Each structure stands twice: as structure tokens, then as C-alpha cells.
Amino acid sequence: MELWLFPEAGALCLRTGSLGHHSKAFPRSPSPLESGPGTHKRLIPFPVQGESFSQGSCPSSPPHQTTCLPLPATGKHAIFRAVVCGEPGPRVHWHCSKGDLSNSGRYQISDSPGSKGYASLPLTGDTDLHRCTAVNTAGRPCSISFPPPRALGLHPAPLRPTPLSSSGVGVVWCPGRSSASRMGAGGAVDPLRPWSPLFLSWPQDGETAPYGFDNQTKHRLQHLGKQYQLQSRDLRPEDAAIYQVRVPDAGVSCAELEASAVLPQAVVPLACAHCGEQDNAVLEGTFSGPCPSATWHRRHRPLRLSDRYEVFVSSDGLTHRLLARRACFSDVGRYSLGTKLHACSAWLVVEAGKDKSLLTASTGHQHRKASKEGGSDVHGQRTDATRSPGSRHKPGAVGFSQEARGPTGHFSQGLADLEVQRGEAAVLSCTLTSDLGPGAWFKDGVKLSAQDGVAFEQDGLEHRLLIAHAEGTQAGRYSFGAGDQQSTATLTVHEPPVIAPDMMAKLREPLVVKAGEPVTMKVAFQSCLPVQATWSKDGAEVAGGDGRGAQVAVGDSSTWLCLPSASRKDCGQYSVALSSKGGSLQAELTLQVLDKPQPPQGPLEVQDGHGAGVCLCWRPPTDDGGQALRYYVVERRQAGLSTWLKVGEPPADSTTFTDAEAEQGKKYSFRVRAVTAEGPGEALESDEVLVAPEVLPGPPPPPAILSASSQSVTLSWTAPRGPGSARILGYLIEKRKKGRSTWVAVNQQPVPEKKWTVLDLRQGCQYEFRVTAVAPSGPGEPGPPSDAVFAQDPMRPPGPVRDLQVTDTLHASITLSWAQPDPQDGDEALGYVVELGDSASPQWSPCHAGTVPGTTYTIKGLRPREGYFMRVTAVNDGGRGPPTALDTAVQAMPVSVCPKFLMDASTKDPLTVRAGDTVRVPVHFEAASMPDVTWLKDGLPLPKRSVTSVKDGLTQLLVPAASLADSGLYAVMLRSPRGEEATYSFRLRVAARPRPPGPILLREGTLGSVIVEWVPSPDEADGRAVPLHYTVLTRSSPHAPWRPAAERLHTCRFTLVGVLPGHEYHFRVVAKNELGASEPSDTRQPWVVPRQPPDRVTVKAPSYQEPDLRQKPRFLVGLRTHLLPLGSECCMTCAVRGCPRPRVTWFKNHQSLAGDPAVYSTDLLGVCSLVIPNVSAEDAGKYKAVAENTLGQAISTATLIVMACSGCGSEPTRPWQSPEA
């Protein structure tokens, strides 16, 4: 572990690591030891194993904690420090393998009041184990050992410091590979193993320093690959402590920050200063404490004080000021003020001031005024001085005073300010008005010569200064003097950042790294102005400085892009744009990150080959890790096991594999890995799949008939699908005549083709064919039969159709009709094809799918009023005949039809409706084009309350809530565009139910009759009312129902005949019309005829003799024999008649079935039944039914035959036979 002090960065950086691995993650910067003595302070590191005393071995009571904190070695000495606590105070002894160290003059041991003990010894030759022992009266002694420096396993390397932020402390941890072999089992650090660094800031109690991963905490931990860096912001004197890092199995490394090393930091840092040429510039900074040893640097070099540079320090030693007098362009650069640890810097930028013009020496006052400003310019009135192709004037820099343009001036054209790019030619010229003798050129007051890299030319009175390739150091104030005259101008050289050619050559080569390693992309450049660097990846800017991702840094001569851990997503084209006030530059480089390939693209398809193995199929991985695939690794695992078995290595260009070793009837999982030079990638795993045993192929589809003749039929078919159909060896073909059940084999050996010509056919017979697939496991089930085909020669195509004509046309359809082709032109047509051609296109397109069986067809979906060509072709099995087309185009428009009404016999006239109801009268009509429809009522337009509508040959009249005023004669009139008219009229009658008739009058009529008269209903007097009639009803008592006596009477008189004396007659009269009946009108008193005394009548009842209906039993319907299979139900039924009613008894094989639980019998009105629910073989036999009464008996017999189950192949059970038989 090392401790470095940075004067410019103002930070403390603690690092620990191995030699040779730091340069991969951090750019190289000058070591603090290379800047000279007195500027930096370095503590030589010495790693020491730290331990903590357990409570059981501490010399203290009560228990306490004892901690040993190692210190770095100073110079050539090693310092060991142990902190011991205990009550009473313990005594400390130091030992080594050679004995006690207390009496040796080569060791210095000290005890401080804080219980600290030290031992110092030279490092040369003293590689030994040292031990510190502490003991007091409270307990047993305890000790701690300090192993030799080379036995700790950590060998820190002198790492180069990294410029950090203005106030930071960093600790870098990097376990190197070169030191792993020396660490052994006790100190090796595996970069793949997790570790937890422990940073101690207070040696008294051993607390852990709180740190984070962002800029919000004082201590910030950064991770770059295998290196770790701890930065501390705002370093203060109280931060002085011992910093140590602990790694499991790797020991402890530490370094101490002393309080004297924490120098004051900049409270007010330097700020960039801008001034004009020949003006004074001031840079000022303030520290937090007195710092008399602060030094000034210019362009990273100590600033030499002179009459132009003066340094001032305030009386309190806090504020430091630098004064630059008469600033010129050569003073541009970075200035820094630093102490031993802290530093701050700023830029000084000198800008061109306003133009100044002086007259000749005769104008003494103006000459003295100009001399105070550092020079004089005398210019002419012309401004088109000779310049280099890339030079330009600064805006506003060419101005001349009126006095310089006067007749007393000696310059007809003075020097003009000039701006050029670095490397371009620069030409400064001026022209005298007269020869003033030899002149001289000056730069910043220093006379120039040819050795300064410039050339002088003179052409008469014109003097020129030539610079072939302008550099940044040649920028400044130039003047030309002749005699006592002088002209001055400023030359500005814009110097963009420059990248060396060897660096550009390196950037062209791709940077190849492995995934997970830190990557540092460094681009070195040269620039004399501040440079800003912008890094981009694939056109998108890379944001750095978040502490976890990419880190972007810019120095004075280089810029870096650091990636803590490279991944495949970091691959791409990187570019860095360097920009300054002098211009910009862009460089590109390519980063390639090598990694293991991604898993192949899924899903991993697993197909059972059914005897041929398991077929796997996948897709190549989306990312091969930057290297070409070598091969794939296919592995297999049986269900229930955890071991994967390698089954094959297919090449990289193959994404399929067949595992022929998988056992049938078992479940397996498969996985596939892609392998490159980096090793195998992640695996693509499949679900478990069952390797099914071999199965027979399925039935093929019905074969298709390709051709037929009187001698042969050609068939074709497709392979079956499903399990067992993967490997087909061939097919077997069978034939049979239609209507028969026997199939005859066509071929004895399977044919591999899916096409076959069947021979040996009888001409004129109709045949069917079927195909059976044959696999290694055997032949499968036969497929369904084909369509029946006749073994006869092919048919001839039919002839052309005849009499093609258009029978009807509408707006979107055209109907065609034709006659069948002439039989002499070909065979009979089996169908027709109707084709349509647009008038704008010569191509024909079918109007339907398949064929049309009839000789008429309607083409629909046409565009109205557009012409079409049509043709019809007859087809049969022999092919298509010649087409027949219409000569002219036919337009899709209806045929002109005169308007007419389509009224049927169900239409009522007049139409009677009830008042208050809604009236809707639909009237259908027919017309070629939509006519004008007009509705009238009694010859006048309809009232406003009536509504009419017209749509698609239908017009309607709607009268809501009809009243008596709506009655009348309605008419609807149709008028076509050509003036043709049609009229339909009907009468609408609106009526209500009639009012009841008046009172009823009864009077006696002839013998046995009564006359009923009543006052007519008031509606009879209304001529508009609907004709009505009357109904007369009678009843015999007040509570009896009314019965009609007469209906549809159109008079108010009715005579009831057949009136019986002594009976009451009540009468009711109701008026009726088509809409209903009125309220009834009843009689108040019933009509009664007096009863006459009856005559005496003697009635003699007739006598008769009862017939004899007795008879003996006889069967109307007898039993019948039953033939049934096993397990079915048997029901034997018969019908018997007899008087008295006979009793029926059932027998089987002359044994009574009464009480048998396996059967049951019923007798319903002489219909007798015997039911056996589940027939078995024992139920077969001879059954009889015996009917008996007092007059005799009757017998009916039947036999039950039980058959075995279907497919069992057993013989039917023989019926029972009597022994006599």
C-alpha cells in the first residue's frame, strides 16, 4: 500500500496493487518522485498482518478490546505499532526468534501514555517473526505476531498516481496475477471471489470509514476492473489517520496519513484571466491556511520571476497573487498555484487589443504616447496587403487614424493584423512612401533574423516578412522599422489540437479486449490552448463521471475513456472530438469485446423420429461473442437424473442434429451450447420429450384420378400424416368394382412413388381405388377409397354453346341464357364457365368458382351503366370447348319498364280502421327507373299530419292517430321520366264502436212467441258511420249466461218462437259493426208465459234379457321367437282375451318362473309381458304363457336364442330342446 501526495490535484490517493497491472486501468502520469525533492512527501509502504485480540486472551478484567494496527515503513526501517488496553495498565514486551529486543541497541522501543509501543529495526537481513506480549495482574498474558514482510502474500508495486478531482483521496486495490503464486494458500486473492474492503480511519477504536459509490459521501469507492480506489473529499487535518484495507485470505495492507501532510487547500481557486495585449494580468488564489511554501507554475514548469512576473503574498499568508506585466501572446497558457498536496490552476488568455496608429518621429507627443503602450503602427490608407491563402484579418483590427493618413506619413500601406492556421504560410507587408534606408523586423520587441525561421523580401518600397509554416510559437506582435518610422501588427496562429501520425496509425487498428476486463482508450494530442474532449459511441455521446459506468478524463496532452468492465454492448465505433479556440479535430477507433457466445436461439425443437432417432433443430445465436463459431455441443439428460450426457458436436454451419441412441419409451431433455475460441456459451434447453415407440403409419388420403381410359387408370396420392408416417418405404394399391366389398391387390411389392397406373381393367366398368402406406414397422391402415371412375376412353371436349343471349339487366347484374352444344360437335357438356371482360381491358376473368350446371347464370356485383363483354364455354372431362361470346358490350342497367302497381287479392278496399289507431298503408309498384310518387286525398294534396315515404319500389302512407276526418278516397300516382303514369286508389274509412241501442219493448205475439222491439242506435242516423247490425241475446234467469238468439239483424224487431209457459225470458240487444260491439241494452223485467195444468200420461218401461258373455281364454297375439346377443334386454309380449278375465302364468323349459328375481312380468288389460333385463347364455330356452279361467285354458310358446358378443367368434347358444325332441 502506498500513500502519494499530489500538489496539483489537491488530494490524497491511497493505492494497493500488484506491479504490471495498473497500466491497464489508468493512464500513466509523472510520478510524484520525478518532480524533484522538497515538493512531495512519500511514505515507503510496508504491508503488515493486522490481528485483533480475542476477549479470552486479553490481559484485562473486565474484558476489553485490543487491536494491532500496522504502520508503513519509513526509509529503510520497519515500524510496528500495537495498541494495548487494560486495567491495570499492562506491561509490554517485544520478542523475536533471536530473543528479547529490550536490550538490543539496534531496536528502539517506546511506550506512550496512550499505551502505544513501537519497535524500529532495519529491513536488511532482518526478515523475522516479531511478537508483542502484554500482561497484567488481571489475567493471563496475550500476544500478537508480526510476520516478515515477504510472508504476507501482498507485494505492493510502486503505482503511478492518477490525477483526481481537486479535493479527493483515493485507495486502489488490485490483486495481481504475478503475486498470486507468492501468496500461497494464506494470501492469494481470487478476482472472482467476493471480498469486502475495510477502511479504518481511527486507530483508537478501529471503526470502519463510511464510504459510498457516488459523489454525495465524503469517502467514495470506485471500481475499475480489478482495481479499487477510495477518494476522500475536502481533506482536513482531522482526516489524518491510518488507512488499511482488509481482504479475506489476503491479509491487510495499510498506509498512514500524518497531520503534517494535510496542507491547507484552496478556498478561492484561481480564475481564468483575460486581458488585452500589452496590458497587465492578475491571477489570485486564497488558501484555507498560511502556506508560505506555495509555488507558481507555468505550463507545468516552475515560473521564473522577473521584471515581467511579480508574486505578492498577503500579510496573513492566505492570499497569493501573480502579476504579469505587458502581457503578450507568448504568455498564453495554464498557470497553477500549488502546495505539497493541494493545487489549483487557471488559464491566462491574451486577446488582441484595439488598433493603435502613430505618426512619424516629428510628432513627438504622439510618439511618446505610443511608446508607453509598447510600440507604434504607421499605416497607409490601402488595406489590401499581400496575404497567404489561408490568412485572414481579425474583425475590427484594421483601423487607421486620420493623422496617419495625412501627407506627412511615410507609410502608404502599413502592417495589418493577420490570422492564420497552424502550418499555413503567413505574409506581413507594408509599403513606404519614400526610401528611408534599410529597415528591420521585430517580434515582441526582439529583432528578427533569418535564423528565426522567417524570410525577408523587398520589392522597391514594399517590404514583406514571410513565414513558410506558421507555428504557435511564432504568434505575437510584429513591427517593421525604417529610419525613425515604425508600423506594428499582430499575427495570430490558430493551432487546433494535433494527433501524432503514429497515434493515428494505432487508432486505426481495432482494440480487442475480453469481456469483464477494464478498458482504457487513450488518445494523445498536442495543443497550446485549453481542449475539450467529447467521446461518442456509434453517434451517441458517452456520458462519463457517474462513478459506475464509463469514465471520461481530459489532460493537457491526452484524453481517456475508461470502461470499468467491458461487455459485448460496448463494442462499436468510438470517436473523440477535440475542440479548442484554435479549431477542432476528430479521431475514431474501434473496440471489439470478445466474450462467450450467447445461447442458440430457441425454441429448441425436438421431434421424435419414430425409430430413426430424436431430431433437434435450433437457430444460431444472435451474438457469437465476437469470434466465429467452431461447433455446437449437444447434451442429453434422462428424466429423473441430474447428469448430462454429451451426444454429439455438430459443425457450426449445421443447426440440426439427430440423436439415434435415445431409447424408446423414455423421457429426455436436450440442451445445445455454441462453442468458440472463448469456450462454450450458455445452453438452450428444451422441455422433456417422450420418445414414443414405433407406430404404424396412418391412412393416406383418397387417391386422385389423373387420367382414365378403357385399359388403364392413372392415380396419384399424398403421404399420410401423424405418428408413424415419418419413414414410408412404399405404398400398396388396391381396386374393386363399385358396389362390391372385396378389394383386389394391384401390386405385391410396395412402390416408393406417389403415382401409379393401374392396368388389367374391364372396359365400361366403374372402379374404386385405395392406398396403404408401408413403414419399417409394417403396413398401416388402408386409406379411404377414391371417387368412382369408369374404365373408358376419355371424352371429347364439348362444342360451343348455342343461342347465347341476355335475358335481363339491372343496375348491378346481367342475366344470361344459352342452349346446350350440338351433340355432333363433341361429347355432352358437364358444366359451363361464364367469363367477363371489361370494355377497357381485353382480359377475361371467370365470374364464379367451379362450373355452372344449368344454362342460365346471373352475373352480380357489376358497376352501373358500364359496358361488359361476356362469353360462355362448355366443359366436360375431356376439357373445355370453344367459347361463345356476345358480339357487343352489354350495359348494366335495368330494362325500361312502365310504372305499375303490384297489388294482390289480399288488399282490402275500402280499408276500415278504428279512430285513434295509426294507419300504415303500403303500396308496391314496379318501374324501370324511380318514378315521381304523388299522394292525393279526395283529389287534393294530403294534410300535413299525413306522412309518405318511397324506397325500392315501395311507397307508404302513414296517418298517426287517425280521426273521422281522415276518412276519404286516397290515390297514389306514379309518373316515369318519360311521362308514363299509373294511378291506384282506395277508400279509407275511420270509425269507432257503435253507440248502444235504445230501450227494449216486449209484446206478445202468436201462440208460443214474443216480439222484441228496440230503439235504433244513434249511429244509424250518421251517414258517415260504418254500417251496423244488431244481436239479440236471451237467458232464463238473472244469473244464467247469455245465449245468442239472433245475429246480424239490420232491423229493430225480432220475434222469439217456442216460448214455454212458466219460464222467464230476459232479453239483451247489442249494436255491432266491423270495429266491435256497443254497450248492451237489457230489459228491465223478464217475459213470463203462465203455466197450463199438465195432462196425465202413463209410460210402460220395456223389458229385456241380459246376454251371456262368458268365454274361455284365447290368445289374440301370440309369442314369437327372439334372437338376441348377450347383455341385451328381452321383452316377450302377448295379448289374451277371456271372460271371466284369465290368469296368465309364465314357464321356461316347463318350469314356472313365478318368484324368479332375474325376470318380471306385467299384465295390463290383457296385454301380458315377460322382461329379462340382462340376457345371459343360461336364459336361452323355450318359454310359454298359460292363460286359465273357469271355462278352460290357452297356451302360447316361443324360443329365446342367445348370441355371443360381436367379434368373439363363438357359435350362438343352441336353444333348449326337450328330451322327447
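The following exercises, each with a worked solution, concern local features of a predicted model.

Because the model is predicted, local features require pLDDT of at least 70 and side-chain atom pairs count only at pLDDT 80 or more, whereas totals for chains, interfaces and linings use all residues. Residues are numbered from 1 along each chain as its sequence is written, and side-chain values use heavy atoms, with hydrogens and water left out.

**Exercise 1. A sheet**

Determine the order of the strands β80, β81 and β84 in their open sheet, and state which strands stand at the edges.

Solution.
Step 1. Strands are DSSP runs of E with at least two residues, numbered from the N terminus, and two strands pair if DSSP finds at least two bridges between them.
Step 2. The order is β80-β81-β84, with antiparallel pairing.
Step 3. β80 (1000-1004) and β84 (1053-1057) each have a single partner strand, so they stand at the edges and one side of each has no neighbour in the sheet.
Step 4. On average, neighbouring strands of this sheet are turned by 20° against each other, direction ignored; the axes behind this angle are lines fitted to C-alpha atoms, and angles run from 0 to 180 degrees between N-to-C directions.
Step 5. Strand β81 (residues 1009-1014) is joined to β84 by five bridges. As a single example, Ile1011 has Thr1055 in β84 as its bridge partner.

**Exercise 2. Backbone exceptions**

Identify the peptide bond at Pro603 as cis or trans, and give the sign of phi, positive or negative, for Arg326 and Asp803.

Solution.
Step 1. Most residues other than glycine have a negative phi, and most peptide bonds are trans.
Step 2. Gly602 and Pro603 are joined by a cis peptide bond, with omega about 0°; Pro603 is part of strand β46 (residues 601-608).
Step 3. A cis bond also runs from Cys1139 to Pro1140, with omega near 0°. Pro1140 belongs to the loop between β91 (1130-1139) and β92 (1143-1148).
Step 4. Arg326 is not a glycine, yet its phi is positive, at about 50°. Arg326 sits in the loop between β26 (319-324) and β27 (333-338).
Step 5. Asp803 likewise has a positive phi, near 55°, but its place is in strand β62 (residues 802-809).
Step 6. Accessibility is classed as buried (under 20% relative accessible area), exposed (over 50%) or partly exposed (in between), with a 1.4 Å probe and protein chains only. Arg326, at 40%, is therefore partly exposed, and Asp803, at 60%, is exposed.

**Exercise 3. Salt bridges**

State how many salt bridges the model holds, and describe the pairs of Arg568 and of Asp659.

Solution.
Step 1. A salt bridge is a side-chain nitrogen of Lys or Arg within 4 Å of a carboxyl oxygen of Asp or Glu. By this rule there are 35 salt bridges.
Step 2. Arg568 pairs with Asp623 at 2.7 Å, N to O. This pair links distant parts of the chain, 55 residues apart: Arg568 is in the loop between β43 (558-563) and β44 (572-580), Asp623 in the loop between β47 (614-619) and β48 (631-638).
Step 3. Arg568 has a relative accessible area of 25% and is thus partly exposed, while Asp623, at 15%, is buried.
Step 4. Asp659 pairs with Arg636 at 2.5 Å, N to O. Asp659 lies in strand β50 (residues 656-659) and Arg636 in strand β48, 23 residues apart. Both residues, Asp659 and Arg636, are buried.

Methods. Helix = DSSP H or I, 4+ residues; strand = E, 2+ residues; numbered from the N terminus.
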